[in-house]
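The following exercises ask the student to read helices, loops and their contacts from a model. Each task is followed by a solution in steps.

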Amino acid sequence: MYTTKYHKASDAANAASLLGASPEAKILAGGQTLIPTMKQRLAAPTDLIDISGIAELRGVTIEARKKLGVLKAKGGETITIGAATTHYEVANNADLAAACPAITGLAANIGDPAVRHRGTIGGSIANNDPAADYPAALLALGATIHTTSRDISADDFFTGMFSTALNDGEVIKSVSFQAPAAAGYGKFPVPASRYAMVGVFVAKSIDGDVRVSVTGAGDDGVFRHAGLESALTSDWSPASAAGVNVGAEGLLSDIHGNAAYRANLIGVMAKRAVESA
Amino acid sequence: MTKITMTVNGKAASADVSDNTLLVEYIREHLRLTGTHVGCDTSQCGACVVHVNGQAMKSCTMLAAAAEGAEVTTVEGLAASKDDLHPMQLAFKENHGLQCGFCTPGMIMTATDMVKRYQEAGKELTEDAIRHELEGNICRCTGYHNIVKSIQDGASKMTTA
């Protein structure tokens with residue numbers, strides 16, 4: 001690992017000012033991607049700004065839905081997850097499991113137990129690995145990413161493989177979304193890395209809007225799938241998802257599988273995601 | 001350089017380390033606690049697993065500075081003495097849960113962490129669950145069967161809840 005300067009940030013504003021002070025600085029949260037990348041000398045930040053101990057960036061809050069209009073059976077709560085909340089904390093939050101089991105189940109299957117004890121949701125989305133799980137969830141749930149300077153919709157946040165709308169000196173504080181009426185995640189992991197070969201997150205809001213996002217498969221990162229969204233809007237069922245003809249254009253081909261294989265997996269994972277919802 | 005202070009196996013430990021020092025480097029090279037191993041250097045093998053504030057973590061994927069103020073337990077900290085092994089260590093010994101032994105410290109630290117979590121949650125630690133929980137620990141000798149048997153045996157003798 002190249003030399004670096006370690007800073008412990010006292011709060012989110014302090015982290016943002018430290019980050020803005022050096023052009024080659026990086027935020028260190030759980031470090032489960034950044035530290036291995038630095039060990040491989042694929043990243044060489046001059047400064048690391050540790051945000052893992054900042055209390056205001058940790059934890060899950062669930063705000064009850066406002067009683068407006070027709071009372072829906074499920075969903076509508078406002079869920080906020082702090083950027084430095086670990087995968088383990090998300091996976092084991094009982095209130096969150098009741099409000100949105102798709103996201104606790106997703107967190108419980110990221111990496112391995114030691115990685116989940118340290119890795120964070122903010123780190124996952126800031127890195128925007130094209131095979132990461134959380135970007136798919138936030139995109140399908142229509143989440144908002146709250147930073148030290150503004151709020152960004154998930155649609156605008158994920159701008160391509162390993163890239164986001166974050167500016168220099170901008171730090172993610174939390175993400176929030178409305179609990180869906182139904183949601184599910186189907187993931188086919190690469191056995192060695194536990195990353196998604198293909199992951200499909202399906203979500204239906206309390207207003208009936210359906211959003212479907214795909215991770216692991218796109219040649220430019222996470223994306224929404226219009227064909228699956230329209231099929232599931234007219235008929236929310238596993239058979240409806242399985243009946244969609246998923247094309248291979250724009251999909252990734254690598255040693256794990258070619259684009260046609262991934263296209264087929266998208267249909268299968270979408271079906272399983274709806275089954276689990 | 002950063003001054004770090006933490007508790008390792010119940011004893012206060014303190015040093016000035018360069019900022020890019022990994023926790024495992026601090027444990028092995030400064031504290032000379034060489035039970036914690038480095039197997040892969042790519043965060044996949046789990047030979048370096050230690051407990052940080054009661055949770056299993058890969059000490060090769062964490063800066064020593066990030067463990068400031070933490071309670072760290074390494075495999076050397078499990079047993080009260082050489083003649084009084086932790087139940088999980090005894091279980092690995094009695095069930096032939098190791099061959100070359102290189103992965104064993106990480107296996108044992110992962111095993112004690114998983115048993116504690118399952119016991120505290122009141123969940124049954126089934127054979128399937130053990131295999132799933134071992135996703136972050138690689139063994140190239142045993143084929144895992146005796147490791148799983150060891151963990152089942154050790155779990156039956158551990159009471160953490």
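Helices (H or I, at least four residues) and strands (E, at least two) are DSSP runs, numbered from the N terminus. The model is predicted, and local features need pLDDT of at least 70, side-chain atom pairs count only at pLDDT 80 or more, while totals for chains, interfaces and linings use all residues. Residues are numbered from 1 along each chain as its sequence is written, chains are lettered from A and ligands numbered from 1 in the order in which they are written, and side-chain values use heavy atoms, with hydrogens and water left out.

**Exercise 1. Locate B:His37 and describe its surroundings.**

Step 1. B:His37 belongs to the loop between helix 1 and strand 3 of chain B.

Step 2. Buried means under 20% relative accessible area, exposed over 50%, partly exposed in between (1.4 Å probe, protein chains only). B:His37 has 17% relative accessibility and therefore counts as buried.

Step 3. Contact means heavy atoms within 4.5 Å. Not counting residues up to four places away in sequence, B:His37 touches B:Val24, B:Arg28, B:Ala47, B:Cys48, B:Gly101, B:Phe102 and B:Pro105.

Step 4. B:His37 and B:Val50 are 13 residues apart along the chain, and their C-alpha atoms are separated by 10.0 Å.

**Exercise 2. Determine which residues of helix 1 of chain B are buried, and what they pack against.**

Step 1. In helix 1 (residues 23-30) of chain B, the buried residues are B:Leu23, B:Val24, B:Tyr26 and B:Ile27.

Step 2. The arc is that of the directions from the helix axis to the C-beta atoms. Viewed down the axis of helix 1 of chain B, the buried residues fall within an arc of 165°, so they line one face of the helix. As a general rule, an α-helix has 3.6 residues a turn, so residues three or four places apart point the same way.

Step 3. The buried residues of helix 1 of chain B pack against strand 1 (2-8), strand 2 (11-17), strand 3 (49-52) and strand 5 (71-73) of chain B.

**Exercise 3. Describe the two sides of helix 2 of chain B.**

Step 1. B:Met88, B:Gln89, B:Ala91 and B:Phe92 are buried in helix 2 of chain B.

Step 2. These buried residues of helix 2 of chain B fall within an arc of 160° when seen down its axis, so they line one face of the helix.

Step 3. On the other side of helix 2 of chain B, B:Lys93 and B:Glu94 are exposed.

Step 4. Helix 3 and helix 5 of chain B are what the buried residues of helix 2 of chain B pack against.

**Exercise 4. Classify the packing of helix 3 of chain B with helix 5 of chain B.**

Step 1. Axes are lines fitted to C-alpha atoms, for helices over the stretch in contact, and angles run from 0 to 180 degrees between N-to-C directions. The axes of helix 3 (residues 104-121) and helix 5 (residues 145-157) of chain B come within 10 Å and cross at roughly 45°.

Step 2. Angles under 35 degrees count as roughly parallel, over 145 as roughly antiparallel, 65 to 115 as roughly perpendicular and the rest as oblique. Helix 3 and helix 5 of chain B are therefore oblique to each other.

Step 3. The contact involves B:Met107, B:Ala111, B:Met114, B:Val115 and B:Gln119 of helix 3 of chain B, and B:Ile147, B:Ile151 and B:Ala155 of helix 5 of chain B.

Step 4. Ala, Val, Leu, Ile, Met, Phe, Trp, Tyr, Cys and Pro count as nonpolar, Asp, Glu, Lys and Arg as charged, and the others, Gly among them, as polar. By class, the contact of helix 3 with helix 5 of chain B has seven nonpolar, one polar and no charged residues.

**Exercise 5. Find the sign of phi at B:Ser43 and B:Asn53, and state whether each residue is buried or exposed.**

Step 1. Most residues other than glycine have a negative phi.

Step 2. B:Ser43, a residue other than glycine, has a positive phi near 70°. B:Ser43 is found in the loop between helix 1 and strand 3 of chain B, and is buried, with a relative accessible area of 12%.

Step 3. B:Asn53 is not a glycine, yet its phi is positive, about 50°. B:Asn53 lies in the loop between strand 3 and strand 4 (55-58) of chain B, and at 53% relative accessibility it counts as exposed.
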